[in-house]
Amino acid sequence: MTILQIFAAFFRVGALTLGGGLAIISILRHELTVKRAWIGEEEFAHNLAMATSVPGAMVVNFSLLCGHRLRGARGAAAAFLGTVLPSLIAIVAVAVFLSPYFSHPAAAAFLRGAAAAVAGLLTHTAFTVCRPMVAKAPHFAAAAIAAGLALVPTVNPVFALVLVGAVMFHLSNRQKVRAGGDGGIKNGINGDANGGINNDAIAANKICEGGDVRGGADNINDEGKR
Amino acid sequence: MILLLLLKSFLIIGAGALGGGYAIIPMIEHEAVAVHGWLTDTEFAELIAIAQMVPGAIGVNAAAYTGFKVAGFAGSAAAIAGFTLPSIIFCFTLIRLLAKFGSVSWVETLKKSIQPAVAGLIIAAVLTYGKTAVADVWAGILAVSTFAILFVSKEKAHPVLLILCGGIAGMLIYR
């Protein structure tokens, strides 16, 4: 695909999608993965996971990562502009010309129905994208805990992500050691790459020390401090 | 000067928008209403409504709208630039790091380890959205039908078309 095609694909999705970032990602999945096979299912899930764990709006991150995957830095720029420009155009159009129409009852009724359809679409995306991520029972349990935490209004979703991610990281490292492989922990100790995530891991693990989660996170905590 | 202020405010908001963006709306309220007085409370309520009604990402829409109210088109562009700059910086850093360390085994493990947590956050985001979007039986029927059509057609049905159908059904139901 050309740079222009990347831009056009992201622009069209951005311009046509009501319902926010996750709805855009759902439709991007339809366009890029299901219809055009530009990005495989696994790659899609991987990019979505990365986009969620990096600061910034999820859909903007996702466009940058997908665009980069498709055509390097220029692909990222094309995907980024394709995602952001529709917002700019639509908002300016609304602010200048259209605001009276938004108070019309028919518009409100349309949006209520559209929002309900978006809820169905998002459920479908969550169902298809998340199923492989939670195929094993421990992963399912971890996802349920993360979801439960993120749903508590006072809990920052970052906390859920870091806490559950750190516990899973620790558990899979321990599993590796048991299985006789030593790569996991050894390599894990010299790590300060992935700065943001690791710094957060320190914070999360401090909370773990406060007597949560099977007291198991000490190991990662040491890794974080070095 | 006002453009730089917009850029700075939305840079802070963008950098704080992690994990699905629940944090964006209260942060915009803090920056735009409480700190700078760019929007009144009524304008802020209008912003929330319009950001969700217009196509595009809600955070980007909200940035564009606030910027436009403050300084017109240039304000919009400045707010969007500020809001998305953290994404650009963090994503390219991540891409670099993954290119360098992506095959190191603990990074592989880390990438796999966060997947269940990410799944959990996505599920939470869908539930939160669904709670407000599906407020009555009719909305429930529309949501279930949309899901069923996508599932049964194995995603041959285009989701944009389904959202449009939902909107038209909404006009008939809620008029």
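**Helices, salt bridges and surface in a predicted two-chain model**

Ala74(B) is partly exposed, because its relative accessible area is 39%. The model described here is predicted. Ala74(B) belongs to helix H4 of chain B, which covers residues 58-101. Ala64(B) stands 10 residues from Ala74(B) in sequence. In space, the C-alpha atoms of Ala74(B) and Ala64(B) are 9.7 Å apart.

Chain B is built from seven helices, with zero strands. Read from the N terminus, its elements follow the order α-α-α-α-α-α-α. The chain has 175 residues, and 49% of them are buried.

Helix H5 of chain B was examined for length and for bending. This helix holds 29 residues, from 105 to 133. At 1.5 Å a residue, H5(B) should span 42 Å. Its end C-alpha atoms are 42 Å apart, so the expected span and the distance in the model agree. H5(B) also has a bend of about 30°, placed at Gln115(B). A proline, Pro116(B), follows within four residues of that point.

The loop between H6 and H7 of chain B came next. Helix H6 covers 137-152 and helix H7 covers 159-173, with Lys154(B) in the loop between them. Most residues other than glycine have a negative phi. Lys154(B) has a positive phi, near 50°, and is not a glycine. Glu155(B) sits in the loop between H6 and H7 as well. Its phi is also positive, at about 65°, although Glu155(B) is not a glycine. Are these residues buried or exposed? Lys154(B) is exposed, because its relative accessible area is 66% and the cut-off for exposed is over 50%. Glu155(B) is buried, because its relative accessible area is 11% and buried means under 20%.

Salt bridges were then counted. How many salt bridges are there over all chains? The count comes to seven. One of them joins Arg12(A) to Glu31(A), with the closest N and O atoms 3.0 Å apart. Arg12(A) lies in helix H1 of chain A (residues 3-16) and Glu31(A) in helix H2 of chain A (residues 21-35), so this pair ties together parts that are 19 residues apart in sequence. Arg12(A) counts as partly exposed, at 38% relative accessibility. Glu31(A) counts as buried, at 3% relative accessibility. Arg12(A) and Glu31(A) also belong to a network of salt bridges that links them with Lys35(A) and Arg36(A).

A further salt bridge forms between Glu41(A) and Arg29(A), where the closest N and O atoms are 2.9 Å apart. Glu41(A) is in helix H3 of chain A (residues 41-53) and Arg29(A) is in helix H2 of chain A, so the pair connects parts that are 12 residues apart in sequence. Glu41(A) is partly exposed, with 39% relative accessibility. Arg29(A) is buried, with 3% relative accessibility.

Glu43(A) and Arg69(A) form another salt bridge, and their closest N and O atoms are 2.8 Å apart. Why does this pair tie together parts that are 26 residues apart in sequence? Glu43(A) lies in helix H3 of chain A, while Arg69(A) lies in helix H4 of chain A, so the bridge spans from one helix to the other. Glu43(A) is partly exposed, at 23% relative accessibility. Arg69(A) is also partly exposed, at 47% relative accessibility.

Helix H4 of chain A, residues 58-102, also contains Val96(A). At 46% relative accessibility, Val96(A) counts as partly exposed. Which residues make a nonpolar surface patch with Val96(A)? They are Phe97(A), Leu98(A) and Tyr101(A). The area of this patch is about 440 Å².

Disulfides were also searched for. The whole structure was covered, and zero disulfides were found over all chains. Two cysteines illustrate contrasting settings. Cys66(A) is buried, because its relative accessibility is 0%. Cys165(B) is partly exposed, because its relative accessibility is 45%.

Definitions and conventions
Residues are numbered from 1 along each chain as its sequence is written. Chains are lettered from A and ligands numbered from 1 in the order in which they are written. This is a predicted model: local features need pLDDT of at least 70, side-chain atom pairs count only at pLDDT 80 or more; totals for chains, interfaces and linings use all residues. Side-chain values use heavy atoms; hydrogens and water are left out. The expected span of a helix is 1.5 Å times one less than its number of residues. The bend at a residue is the angle between axes fitted to the seven residues ending there and the seven starting there. Patches are made of residues with over 30% relative accessible area and no salt bridge: like charges are joined within 9 Å, nonpolar side chains (Val, Leu, Ile, Met, Phe, Trp, Tyr) within 5 Å. Accessible areas come from the Shrake-Rupley method with a 1.4 Å probe; for residues, only the protein chains shown count as cover. A salt bridge is a side-chain nitrogen of Lys or Arg within 4 Å of a carboxyl oxygen of Asp or Glu. Buried means under 20% relative accessible area, exposed over 50%, partly exposed in between (1.4 Å probe, protein chains only). A disulfide is a pair of cysteine sulfur atoms within 2.5 Å.
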